[in-house]
Amino acid sequence: PLIPPLSLNKYLLFWIFIQTSKQIKEVIVLKNLSVRLNEEDYNILEIKSNALGVTKNEFIRRIIRLSVIDNIEDFNTNLKELLLLKRSLSNNINQLAKKGHNVEKFEEVKKELDELWESLNQ
């Protein structure tokens, strides 16, 4: 039996498929890595990988891809801003507490607390 000739479109699709599969084979080259873990670390790795339903290798790959180290600078910047805000709020609370000991200024303290609460909700 004769094989009918491929149309140009089918030939192009077939050629693209072959080229793509060659590229995929070239891209997926796995490297071996040996890691030594103590019993506790190994157990943690096993528990966490089992909890996600992946192999230990896949779990390590996912951790690497998370790029946590790249986010540390952003985290530190945000942490510094939060600490500054905490200090500011602590100072405001301390000032209000001092004023709160004076019963005569209760309405003034209430007003400042309301203003502080509004600024926090913005």
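**An all-helical predicted model with a salt-bridge network in α3**

The structure described here is a predicted model, and its confidence is a good place to start: the mean pLDDT of the protein is 76, and 68% of the residues score at least 70. That confidence varies along the chain. Helix α1, spanning residues 8–27, has the lowest mean, at 59, whereas α2 has the highest, at 92. Where pLDDT is low, predicted coordinates should not be read in detail.

In terms of secondary structure, the protein has five helices and zero strands. Read from the N terminus, the order of elements is therefore simply α-α-α-α-α. The chain has 122 residues, and 6% of them count as buried. The accessible surface of the protein amounts to about 11800 Å², and carbon and sulfur atoms account for 60% of this area.

Attention turns next to the largest pocket, which holds about 410 Å³ of space. Its lining is made up of 15 residues, and those nearest the centre of the pocket are K31, L33, N57, I60 and R61. Two helices, α2 (residues 39–52) and α3 (residues 56–66), each contribute at least two residues to this lining. The biggest share comes from α3, which supplies six residues. Sorted by class, the lining of the largest pocket comprises eight nonpolar residues, three polar residues and four charged residues.

Helix α3 also carries the charged pairs of the model. Side chains of opposite charge can pair when their charged atoms come close. The structure holds two salt bridges, and E58 takes part in both the pairing with R61 and the pairing with R62. In the bridge between R61 and E58, the closest N and O atoms are 3.2 Å apart. Both residues sit in helix α3 at a spacing of three residues, or about one turn of the helix. In the bridge between E58 and R62, the corresponding N and O atoms are 3.4 Å apart. Here the spacing within α3 is four residues, again about one helical turn. Together, E58, R61 and R62 are linked in a network of salt bridges.

How buried or exposed are the members of this network, E58, R61 and R62? E58 has a relative accessibility of 23% and so counts as partly exposed. R61, at a relative accessible area of 32%, is partly exposed, and R62, at 39%, is partly exposed too. R61 thus appears in two parts of this description, as one of the residues nearest the centre of the largest pocket and as the partner of E58 in a salt bridge.

A final point of interest lies further along the chain, in helix α4, which covers residues 68–100 and includes A97. With a relative accessibility of 39%, A97 is classed as partly exposed. The C-alpha atom of A97 is 8.6 Å from the C-alpha atom of V109, a residue 12 positions away along the chain.

Conventions: Residues are numbered from 1 along each chain as its sequence is written. This is a predicted model: local features need pLDDT of at least 70, side-chain atom pairs count only at pLDDT 80 or more; totals for chains, interfaces and linings use all residues. Side-chain values use heavy atoms; hydrogens and water are left out. On a 1 Å grid over the protein atoms alone, a cavity is a set of points where a 1.4 Å probe fits but cannot get out, and a pocket is an open set with protein on both sides within 12 Å along at least five of seven lines; lining residues have an atom within 4 Å of a point. Grid points are joined across faces, edges and corners, and a volume is the space filled by probe spheres set on the points. Ala, Val, Leu, Ile, Met, Phe, Trp, Tyr, Cys and Pro count as nonpolar, Asp, Glu, Lys and Arg as charged, and the others, Gly among them, as polar. A salt bridge is a side-chain nitrogen of Lys or Arg within 4 Å of a carboxyl oxygen of Asp or Glu. Buried means under 20% relative accessible area, exposed over 50%, partly exposed in between (1.4 Å probe, protein chains only). Accessible areas come from the Shrake-Rupley method with a 1.4 Å probe; for residues, only the protein chains shown count as cover. pLDDT is the predictor's confidence in each residue, from 0 to 100.
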